[in-house]
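Student: I have a structure with a ligand open on my screen and would like to go through it with you. Could we take it one question at a time?

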Amino acid sequence: MAYKIAVLPGDGIGPEIVAQAKKVCDAITKKFGHEFEYTEALVGATAIDQVGDPYPADTHELCMNSDAVLFGAIGHPKFDNDPSAKVRPEQGLLRMRKTLGLYANLRPVNTFKSLIHKSPLKTELVDGADFMCIRELTGGIYFGRPQGRSEDGQTAYDSCVYTAEEIERIIRLGFEYAGKRRKKLTIVDKANVLATSRLWREIGQKVAPDYPDIEVEYMFVDNAAMQIITWPKRFDVMVTENMFGDILTDEASVISGSMGMLPSASIGVHTSVFEPIHGSYPQAAGKNIANPCATVLSAAMMFEYAFGMMKEGALIREAVDQSLEAGVVTEDIADGKKAYSTSEVGDWLAEYIEKA
Ligand SMILES: NC(=O)c1ccc[n+]([C@@H]2O[C@H](COP(=O)([O-])OP(=O)(O)OC[C@H]3O[C@@H](n4cnc5c(N)ncnc54)[C@H](O)[C@@H]3O)[C@@H](O)[C@H]2O)c1
């Protein structure tokens with residue numbers, strides 16, 4: 001039986017990086033004899049331009065009927081530079097997360113030996129850093145209502161809203177992942193100021209006794225922001241709310257050396273979505289220079305998390321490691337040496353996998 005993969009390239013560099021991830025998936029297909037059926041659909045600014053909706057009903061239906069979604073990125077400067085635009089690409093992403101029930105975004109943060117020197121942090125600080133950040137994805141201030149402006153336009157407001165149920169399911173996920181790793185969970189909040197954070201902490205304390213082998217600590221987000229860059233090796237699994245997770249994971253990307261290297265998986269009620277953490281990098285769109293590794297590594301997470309294919313995921317990771325060792329890299333990590341194009345890196349990875 002063929003696994004069904006919905007492919008949503010999106011905007012900017014999205015189509016170029018997703019094409020490389022597909023090459024890698026095809027190589028895995030050849031190597032392991034799996035069958036995958038890909039169907040492309042519109043999302044983001046491209047979807048607004050073509051059908052007036054950043055997450056069209058057809059796209060949603062396809063996602064619901066697929067075994068996994070491989071996602072590129074959304075976003076276009078014409079919307080970024082027009083705050084008054086009523087229909088926006090980001091609405092498509094948020095609606096996709098909400099309607100697929102993707103309440104958890106898993107972002108592994110680790111180092112690549114040959115990229116450690118690229119990190120602005122000292123080598124001894126980042127070498128060996130390896131943690132999983134679990135970001136709540138469908139609640140909090142990005143979705144809370146009311147949100148808007150006063151009638152005179154001089155006051156604006158957002159609401160941060162969390163239910164106990166939303167918090168408990170993600171905190172339990174955090175404990176479960178910690179159980180599969182080094183058995184340490186850090187729950188990040190701002191419980192000294194925010195009511196929602198106090199509920200997070202209360203629920204953390206309520207469920208912790210169910211996981212007696214996990215060491216749990218509670219940390220204020222400002223402290224966590226500092227510890228990520230001063231002592232990243234102290235973390236194993238970190239779980240936090242939507243906006244804190246959004247900010248902390250971008251900060252954590254400096255540990256790996258480039259935004260172009262970090263994958264993620266969004267999991268929840270319906271089909272899981274696998275996507276790089278970076279955006280549509282519009283300056284690079286169509287130039288064949290963007291780093292495809294974050295998307296390729298997202299495909300590795302897809303094999304592992306959606307299909308339980310651990311060997312396949314591991315081989316993709318090995319291919320990426322080897323491409324870094326061999327210097328077959330895009331300009332963001334080439335360090336003044338020869339830079340390969342997006343498609344050349346994709347070809348190299350696919351060939352490595354086929355020959356492995
Ligand atoms: N999940 C998403 O689809 C998502 C996430 C963040 C931003 N966005 C959107 O993307 C657009 C651009 O936003 P931005 O500039 O803040 O973020 P971005 O992640 O697109 O780019 C920020 C910087 O990171 C680097 N970078 C990102 N991806 C890279 C890659 N694959 N290879 C090499 N370098 C890479 C580049 O230096 C780039 O200037 C906006 O419209 C924004 O709304 C979308």
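Tutor: Gladly! Let us agree on classes before we look at the ligand: Ala, Val, Leu, Ile, Met, Phe, Trp, Tyr, Cys and Pro count as nonpolar, Asp, Glu, Lys and Arg as charged, and the others, Gly among them, as polar. Keep in mind that this is a predicted model.

Student: By class, how many charged residues does the shell around the ligand have?

Tutor: The ligand is surrounded by 19 residues, with Ile74, Asp80, Gly279, Tyr281 and Asn291 the closest. Sorted by class, the shell has 8 nonpolar and 7 polar residues, and the number of charged ones is 4.

Student: Which residue has a backbone N or O atom 2.7 Å from an oxygen atom of the ligand?

Tutor: Start with histidine 278, where an N or O atom of the side chain is 3.2 Å from a nitrogen atom of the ligand. In tyrosine 281 a polar backbone atom is 2.8 Å from a ligand oxygen. The 2.7 Å distance, also to an oxygen of the ligand, belongs to the backbone of glycine 279.

Student: What percentage of the ligand's accessible area does the protein cover?

Tutor: On its own, the ligand has 810 Å² of accessible area. Of this, the protein covers 71%.

Student: Where is tyrosine 281 found?

Tutor: Tyrosine 281 has a phi near 35°, a positive value in a residue other than glycine. As for its place in the chain, look at the loop between β12 and α11 (293–306).

Student: Which residue in β12 is the bridge partner of valine 69?

Tutor: Strands β3 (residues 68–73) and β12 (residues 273–276) pair in the parallel sense over 2 bridges. They sit side by side in an open, mixed sheet of 10 strands, ordered β2-β1-β3-β12-β11-β4-β5-β10-β8-β9. The edge strands are β2 (36–40) and β9 (215–220). Across that β3 and β12 pairing, the partner of valine 69 is valine 273.

Student: Which peptide bond is cis, with omega about 10°?

Tutor: Go to the loop between β5 and β6 (148–149), where proline 146 is found. The cis bond is the one joining arginine 145 and proline 146.

Conventions:
Residues are numbered from 1 along each chain as its sequence is written. This is a predicted model: local features need pLDDT of at least 70, side-chain atom pairs count only at pLDDT 80 or more; totals for chains, interfaces and linings use all residues. Side-chain values use heavy atoms; hydrogens and water are left out. Two strands pair if DSSP finds at least two bridges between them. Helices (H or I, at least four residues) and strands (E, at least two) are DSSP runs, numbered from the N terminus. A residue is near a molecule or strand if one of its heavy atoms lies within 4 Å of it. A polar contact is a pair of N or O atoms within 3.5 Å; within protein, one must be able to donate a hydrogen and the other to accept it, and residues adjacent in sequence count only if both atoms are side-chain atoms. Accessible areas come from the Shrake-Rupley method with a 1.4 Å probe; for residues, only the protein chains shown count as cover.
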